[in-house]
Amino acid sequence: MKFALDEQQRDFAASIDAALGGADLPGASRAWSDGDLAPGRKVWEQLADLGVTALAVPEKFDGLDAHPVDLVVALERLGRWCVPGPVAESIAVAPVLLAGQADHSAALSSGELIAAVALPPDMPRAVDANAAGLVLLAGPDGVSTATAGACHRSVDPSRRLYDVTATAAPWQADIQRAYEFGALATAAQLVGAAEALLTDSVAYAKQRSQFGRIIGSYQAIKHKLADVHIAIELARPLVYGAALALAEDAGTAARDVSAAKAAAADAGLLAARSALQTHGAIGFTQEHDLSLWLLRVQALRSAWGTPEAHKRRVLAVP
């Protein structure tokens with residue numbers, strides 16, 4: 001079987017890279033961490049112009065109703081550039097929870113609305129509810145609008161976590177499918193973040209000298225970075241495979257999503273550790289942009305289910 005992105009999907013990814021590559025994402029992420037949302041909102045406006053916010057919204061609500069693989073293509077690039085905000089929640093999860101609501105769905109599609117979502121027990125708090133025009137709480141009784149309460153800092157300063165309280169009667173939605181899309185979207189971001197860390201590490205290894213030699217010439221460094229590349233290339237097809245399973249409503253979809261999330265989390269962690277070892281002491285400083293991706297990987301690993309929880313779900317399948 002030939003499994004590869006088509007030309008249109010590659011062009012879509014390239015257009016996202018071109019837009020975000022010139023948007024000073026490190027500056028936007030730092031501003032977001034400090035409570036200044038304006039630079040980050042401009043990034044979201046760019047995403048809306050590219051159609052990213054409309055991908056999962058049905059056509060009848062002015063969305064693109066895109067294939068889940070197209071969604072994964074976009075979210076991997078957003079992970080690559082460390083876009084701040086409730087990315088998985090607003091772009092992948094909220095469209096499922098709001099499938100029957102025209103006004104909110106249309107606003108999501110246009111980018112006028114950013115949504116934050118809490119879905120206990122794996123997501124008991126809503127990410128960046130302060131930046132969202134709509135906060136949703138999904139549970140056994142259905143989905144309801146909610147208000148944000150106490151704020152908690154996560155390991156990633158750009159991801160504030162909020163307690164939420166339901167404020168209206170719940171409506172019914174496919175909450176399980178929403179969860180799967182949340183986990184898949186997070187896995188895609190992890191693959192993108194791991195790729196960014198690897199790219200930065202390779203570039204730095206070609207510049208940094210130790211004991212009179214460029215560290216990239218040492219076999220140990222070459223092998224370590226090659227291991228990261230292999231981990232990414234093992235995780236990526238699992239992410240796309242899970243997207244196909246969700247598109248087809250396959251009986252193995254939950255297992256496939258969990259396999260993708262676990263593999264992407266492992267790849268992200270390996271990429272982060274290798275990046276720290278390659279960069280040395282400078283990698284531990286907040287001033288270096290590397291820290292943004294290191295902390296994002298740590299936050300995303302536990303978002304929408306820990307690696308351990310997803311591995312247990314894979315093992316539970318007969």
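These exercises walk through a predicted model of one protein chain.

Local features need pLDDT of at least 70, side-chain atom pairs count only at pLDDT 80 or more, and totals for chains, interfaces and linings use all residues. Residues are numbered from 1 along each chain as its sequence is written, and side-chain values use heavy atoms, with hydrogens and water left out.

**Exercise 1. The whole chain**

Task: Find how many helices and strands the protein chain has, and state how its radius of gyration fits the globule rule.

Solution:
- Start with the elements. Helices (H or I, at least four residues) and strands (E, at least two) are DSSP runs, numbered from the N terminus. The protein chain has eleven helices and seven strands.
- Next, take the radius of gyration. Here it is 19 Å, close to the 20 Å that the globule rule gives for 318 residues, so the chain is as compact as a globular protein of that length. The radius is taken over C-alpha atoms, and the rule is 2.2 Å times the number of residues to the power 0.38.
- Then check burial. Buried means under 20% relative accessible area, exposed over 50%, partly exposed in between (1.4 Å probe, protein chains only). Buried residues make up 53% of the 318 residues.
- Finish with contacts, meaning heavy atoms within 4.5 Å. Among contacts with a separation of 6 or more, 70% link residues 24 or more positions apart.

**Exercise 2. The open sheet**

Task: Work out the strand order of the five-stranded open sheet, and say which strands stand at the edges.

Solution:
- Two strands pair if DSSP finds at least two bridges between them.
- Read the order: E1-E3-E4-E5-E2, with mixed pairing.
- Look at the ends. Strand E1 (115-118) and strand E2 (126-127) each have a single partner strand, so one side of each is left without a neighbour in the sheet.
- Now go pair by pair. E1 and E3 (residues 134-139) run parallel, joined by four bridges. Ala115 has Leu134 as its bridge partner in E3, and Ala118 stands opposite Leu137.
- E3 and E4 run antiparallel, again with four bridges. Ala138 of E3 stands opposite Val143 in E4. A hairpin through two residues connects these strands.
- E4 (residues 142-153) and E5 (residues 160-166) are antiparallel over six bridges. Their hairpin has six residues. Arg153 stands opposite Arg160 in E5, and Cys151 is bridged to Tyr162.
- Last, E2 and E5 pair in the antiparallel sense over two bridges. Val127 has Leu161 of E5 as its partner.

**Exercise 3. Two covered strands**

Task: Decide whether the faces of E1 are covered or left open, then repeat the check for E3.

Solution:
- Recall the pattern: in a regular strand the side chains alternate between the two faces of the sheet.
- Sort E1. Ala115 and Val117 lie on one side, Ala116 and Ala118 on the other, and all are buried. Both faces of E1 are covered.
- Sort E3. Leu134, Leu136 and Ala138 point one way, while Val135, Leu137 and Gly139 point the other. Six of the six residues in E3 are buried.

**Exercise 4. Thr278**

Task: Place Thr278 in its helix and list what it touches.

Solution:
- Thr278 is found in helix H9 (residues 253-279).
- Its relative accessible area is 1%, so Thr278 is buried.
- Leaving out residues up to four places away in sequence, Thr278 touches Ser201, Tyr204, Ala205, Arg208, Ile215 and Leu225.
- Compare Leu98, which lies 180 residues from Thr278 along the chain. The C-alpha atoms of these two residues are separated by 44 Å.
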